[in-house]
Amino acid sequence: MESRENRVLYVRLPCNPIFPIGVVYLSDHVHKLFPDVEQRIFDLGAVPPLDFAKALDASIDEFKPTLLVFSWRDIQIYAPVGGRGGNPLQNAFEFYYAKNLLIKFRGALGGLRLAASYYTELWRNLGLIKRGLKRARKYRPEARAVVGGGAVSVFYEQLGRSLPAGTVVSVGEGEALLEKLIKGEDLAEERCYVVGETVPRARLIHEKPANIEKTACNYNYIETIWPEFSYYLQDMDFYVGVQTKRGCPHNCCYCIYTVIEGKQVRINPADEVVAEIRQLYDRGIRNFWFTDAQFIPARKFIDDAVELLQKIIAAGMDDIHWAAYIRADNLTPELCDLMVKTGMNYFEIGITSGSQELVRKMRMGYNLRVVLENCRDLKAAGYNDVVSVNYSFNVIDETFETIRQTIAYHRELERIFGADKVEPAIFFIGLQPHTILEEYAFKKDILQPGYDPMSLMPWTARKLLWNPEPLGSFFGQICLEAWQRNSNDFGREVMAILEEKLGCSDLEEALSAPVEIKDKQLAAVN
Ligand code: B12
Ligand code: SF4
C-alpha cells in the first residue's frame, strides 16, 4: 500500500558524460522489489550547464516526486589531464614550484580559476539539491531528498553540513537504503545519517555493505523511465558501465575503494552479467567498462573472470570491446587468452611504483615480478592494444634509487608491449579521508585531525595533493619541465626527464625488496 505512494526521481548531478550506472542499478533494484512504484531517471550529465536549473525544474514539475535520489559521482579532480577547470595538476604545480615568476603567476591564476570552478561546481550541486527539494515540496509537501554516489561516499561527513535538514546522506551502495526509504522503515541500521537529526556514526564508512545478489539490469524497463537513455547509445565510442563484482580485499594505503565497497568481494553471477551485456549489445552498444574496483581482485577470483569471459564468447558477442582496472598479478595464460578473445582493448594497472620495496611499503600486495610475467603472457596471447600504467611518485619513502627502479620497470613493460602501447599515467595521490595514508599524515603531523579534506585553499590543497618534501620540489620541477617540453605526452616526458637526470637501475634491483628493510612508518600506522 505504502509503496504505491512513492514517486522516485533519480537526479544524476552534473558530471562528464560517464554512463550513470549507479542510478540505473538503483532504479532497477527498486523496480524488481516494488514494481508499482513510479520512477524516473533525470541525468544532468546530458544537459548543457546553462540549462541545469531550468531542466531540473521542468523534470520536477512534470514528475512531482515524493523521493528525490541525488547521485553525485565526483568532486575531486586532481588529474594529470585536462579537467573541467583546466589541468589541475599543472596549475597547482606551476603555482607551488615554478621558479620563473611569470609561470608561477600563471599557475596562481590557473589555480584560482580551478578553485573557482571547483567551488562553483560544489555550490552549484548543493544548490541544485536544495532547489529540487523545495520545488518538489510545492507539489508534495512530504517530499524527501537522499544523496549518495562516489563523491558523497568519500566526503559524507563534510557534505552534510551544507544540505537541508532532513536530507538522508548515504555511504556506499544505496540499494538497501532505498528499499527501507520506500517501505518507510527505520534507517538506523543503514550506512547513512539524516542531516539535523542524526550524526554519522564513528567508522560508518567501514561498515559492511548489504549482501545483495545482483541480477541482470532490466534495460527494457530502464528505457521506459529514462527518456534520454538514447543519448548514450548515439556515440558508439562510448564505454557503457557494467559491473561484474563489488568489493576489493586489498589495503593499498591511499585507496578508499576498499572501504566504500567493502573488503568482501561479491560476485555478480556470470549469467546475469552476460544477460545484461546482451541487452546493451542488442541496442547497438559494443564498448563496455567493467566498473569493478578491480576486475580480478585476487587469485581466487580468476575462475570467476574465466567463467564470465567464456560465457561472453558462448553468447556469440564476438565483436565487443571492453576495458577495466586490472590487477595484472592475477592473470593466467588461459585468462590472458580469453581477455584477448573477448576484445579487451584497454586496461589500467595501478602498480603506483616500479619498486617492489615501495609497493610493499604502500601495502599494495603486488608482486611486480609476477606482473611482468603475466604481461608477457598477455602479449603472447595477442594483446596489441594500449595499457595505461598508473604511477604515483613520492607516496612514501621515495628516493632517487626507487625512482631509478621505477624507470627500469617501466622500460621493461615497454619492451613487452611496445613503447607506443604503454602509457605512463603520472598521478599524484589526492589524499582521501579514511585511508591509511591519511592516518600516516596525522602521525607525521602533516595534517591535523579536523582538517577539511574538501578544501581547495592553497595551504590545504598543497598537503592533500600528496607530494611531500624532501622530494616534492624535485618532482615539481620535473613535471614543469615535462609540460614545457610536450604537454600532450606528459607521462612519457616525465619518465624521459627522470631517466636523463637519474639514470635507470638494474631490473633485478627493482624486483627485489630486501626483507631487512622495515616498513616502519606505515606498519606503525596499521
Ligand atoms: C570505474 C570508475 C571509473 C571509470 C568509469 C568508467 C565508466 N565508463 O563507467 C573511469 C576510469 C573512466 C573513471 C574515471 C574517473 N573517476 Co572514477 N571511479 C570508478 C569506480 C572504481 C567505480 C564507479 C562505478 O561505476 N561503480 C559501479 C556503480 C554501480 O556504482 P556507483 O555509480 O558508485 O553507484 C552505487 C553507489 O555509489 C550508490 N549510489 C549512487 N548514487 C546514489 C544516490 C543515492 C541517493 C544513494 C542512496 C546511493 C547512490 O548506489 C549505487 C549502486 O550500488 C569508483 C570507485 C568505487 N569503487 O566506487 C571511482 C570514482 C567514482 N572515481 C572518482 C574520480 C575522482 C574519477 C575521476 C574524476 C578521476 C580523475 N581525477 O580523473 C575520473 C573522471 C570521471 C569523470 N567524471 O570524468 C572518484 C569520485 C569521488 C571523488 N574523489 O571525487 C571515485 C569514487 C574514486 C575515488 N575514491 O576517488 N572512474
Ligand atoms: S587493489 Fe585497487 S581498488 Fe583495491 S585497495 Fe588497492 S588500489 Fe584500491
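Below are four short exercises on this predicted model, each with a worked solution.

Some ground rules: local features need pLDDT of at least 70 and side-chain atom pairs pLDDT 80 or more, while totals for chains, interfaces and linings use all residues. Residues count from 1 along each chain as written, chains are lettered from A and ligands numbered from 1 in written order, and side-chain values use heavy atoms, without hydrogens and water.

**Exercise 1.** Work out which strands pair with β1, and in which sense.

*Solution.* Start with the elements: strands (E, at least two residues) and helices (H or I, at least four) are DSSP runs, numbered from the N terminus. Strands pair if DSSP finds at least two bridges between them. Now take β1 (residues 7–12): it runs parallel to β2 (residues 38–43) over six bridges, with Leu9 opposite Arg40. On to β3 (residues 67–71): β1 pairs with it in the parallel sense too, over five bridges, and here Val11 faces Phe70.

**Exercise 2.** Decide how enclosed β1 is, and find the handedness of the unit it forms with α1 and β2.

*Solution.* Buried means under 20% relative accessible area, exposed over 50%, and partly exposed in between (1.4 Å probe, protein chains only). Five of the six β1 residues are buried, so the strand is largely enclosed by the rest of the structure. Next, follow the chain from β1 through α1 (residues 21–33) to β2: this β-α-β unit is right-handed. That is, with the strands pointing away from the viewer, the path from the first strand over the helix to the second runs clockwise.

**Exercise 3.** Describe the surroundings of ligand 1 and its polar contacts.

*Solution.* Collect residues with a heavy atom within 4 Å. There are 40 around ligand 1, and Ser71, Asp74, Ile75, Gln76 and Glu261 come nearest. Helix α1 gives the most, four residues. Then look for polar contacts, here N or O pairs within 3.5 Å. A ligand nitrogen sits 2.7 Å from an N or O atom in the Ser71 side chain, a ligand oxygen is 2.9 Å from one in the Asn16 side chain, and a ligand nitrogen is 3.1 Å from a polar backbone atom of Tyr239.

**Exercise 4.** Count the disulfides, and explain why Cys375 has no such bond to Cys336.

*Solution.* A disulfide needs two cysteine sulfur atoms within 2.5 Å. The count comes to zero. For Cys375, the closest cysteine sulfur is that of Cys336, 8.2 Å away, which is too far for a bond. Cys375 is also buried, at 1% relative accessible area.

How values were computed
A polar contact is a pair of N or O atoms within 3.5 Å; within protein, one must be able to donate a hydrogen and the other to accept it, and residues adjacent in sequence count only if both atoms are side-chain atoms.
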